[in-house]
Amino acid sequence: MEENRKESLDVLIIGSGPAGLCAAVYAKRANLEALVLEKEYLGTGQITESDQVDNYLGLPEINGFDLGEAFRGHALGMGVAFQDGMADGFEKEADGWSVHVADGRTIRAKTVIYCAGASHRRLGVEGEQELTGKGVSYCAVCDGAFYRGKETAVIGGGDTALGDAMYLSDLCEKVYLIHRRKEFRGSAQTVQQLREKENVEIITEAVPARISGEQTVTALELKDGRTIPVDGAFVAVGMQPQTQYLQGVVDLDANGYIIADETGSTSAPGFFAAGDVRTKALRQVITAVSDGANAAVSAAAYIRSAKQPVDLPDANKTAKKEP
């Protein structure tokens with residue numbers, strides 16, 4: 001695939017996670033010329049961080065890396081083209097978009113499907129990185145079932161952390177909810193519900209210092225010297241959407257997510273969003289895949305509509321004047 005070409009691609013897909021790969025498959029099925037631009041070589045998104053995925057329909061107990069590779073293999077089998085690169089500039093043109101790549105290239109496309117995702121904020125404590133996927137998780141809905149009947153800790157004070165604690169309380173023998181402040185940022189009603197649960201212990205004004213364990217998580221150590229024995233630690237301290245280069249390009253919400261509906265349509269014509277990067281209630285692999293399909297179908301419809309001839313008045317014809 002040549003860059004800086006006179007002819008535009010039909011669709012440039014930014015990101016090679018589940019949303020981007022599904023968008024690519026649907027684009028190829030619609031006979032569109034598509035290119036996936038990925039910032040990580042052979043990357044397949046955050047799914048690779050999951051030791052086991054047990055909630056993707058039809059593929060229970062699959063390793064996250066294997067699921068991501070299956071998605072990528074499907075796209076490659078369809079003939080999808082891939083290039084490495086980080087998109088860091090977007091310019092709307094009369095017939096599409098001009099996308100600047102960090103290495104100096106410019107790629108022109110009639111439409112853009114942005115699937116760069118969102119990254120989980122880390123605690124930045126000792127043991128967190130080493131034990132990610134081995135007891136440290138950033139998604140209670142994804143991994144909570146693996147801790148049925150066990151003891152877990154949820155770290156955070158917003159609605160996501162409260163929701164995770166509530167979800168885990170129905171699965172785990174014991175749930176510790178740990179927050180660095182005295183008051184929670186999330187729903188007061190949910191906090192009250194958690195206080196009424198016998199298997200939930202709320203610990204405020206507490207800051208994690210270390211997540212310990214050899215092969216798996218065994219304890220959470222706090223800065224005040226306390227050690228809490230747990231089998232799993234769920235980190236829920238927020239997410240950071242990868243939209244730093246979209247200021248002024250499309251409308252973003254207060255948290256930086258792209259405002260887009262179920263079709264993937266954004267405030268900018270021909271620019272679509274899919275996956276964790278868009279405003280949505282549930283960020284899961286299966287919803288990312290759905291987003292990718294919707295965005296590709298929307299992009300195809302947009303391209304078709306742009307090809308429709310415009311019915312302009314015939315300048316050689318004049319209206320008949322009444323006598």
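Buried means under 20% relative accessible area, exposed means over 50%, and partly exposed lies in between. The model used here is predicted.

**Exercise 1. Classify the two cysteines of the disulfide.**

Which residues does the disulfide join, and is each one buried or partly exposed?

Step 1. Find the pair. C139 is joined to C142, with an S to S distance of 2.2 Å. A disulfide needs two cysteine sulfur atoms within 2.5 Å. By this rule the count is one disulfide.

Step 2. Take C139. Its relative accessibility is 17%, so C139 counts as buried.

Step 3. Take C142. Its relative accessibility is 23%, so C142 counts as partly exposed.

Step 4. Find the hand. The torsion about the S-S bond of C139 and C142 is about 70°, so this disulfide is right-handed.

**Exercise 2. Explain why C22 has no bond to C115.**

Step 1. Recall the bond. A disulfide is a covalent bond between the sulfur atoms of two cysteines.

Step 2. Check the distance. The closest cysteine sulfur to that of C22 is in C115, 9.5 Å away, which is too far for a bond.

Step 3. Check the accessibility. C22 has 13% relative accessibility, so C22 counts as buried.

Step 4. Turn to C172. C172 is in no disulfide, and the nearest cysteine sulfur, that of C139, is 14 Å away. C172 is buried, with a relative accessible area of 6%.

**Exercise 3. Describe how α1 packs on α6.**

Step 1. Locate the helices. Helix α1 covers residues 18–29 and helix α6 covers residues 285–307.

Step 2. Give the geometry. Their axes are 7 Å apart, at an angle of about 35°. The crossing of α1 past α6 is right-handed.

Step 3. List contacts. Residues of α1 including C22 and Y26 meet residues of α6, among them G292 and A293. By class, this contact has twelve nonpolar residues, one polar and no charged ones.

Conventions: Residues are numbered from 1 along each chain as its sequence is written. This is a predicted model: local features need pLDDT of at least 70, side-chain atom pairs count only at pLDDT 80 or more; totals for chains, interfaces and linings use all residues. Side-chain values use heavy atoms; hydrogens and water are left out. Axes are lines fitted to C-alpha atoms, for helices over the stretch in contact, and angles run from 0 to 180 degrees between N-to-C directions. Helices (H or I, at least four residues) and strands (E, at least two) are DSSP runs, numbered from the N terminus. A crossing is left-handed if the near helix is turned anticlockwise from the far one by less than a right angle, and right-handed if clockwise. Contact means heavy atoms within 4.5 Å. Ala, Val, Leu, Ile, Met, Phe, Trp, Tyr, Cys and Pro count as nonpolar, Asp, Glu, Lys and Arg as charged, and the others, Gly among them, as polar. Buried means under 20% relative accessible area, exposed over 50%, partly exposed in between (1.4 Å probe, protein chains only).
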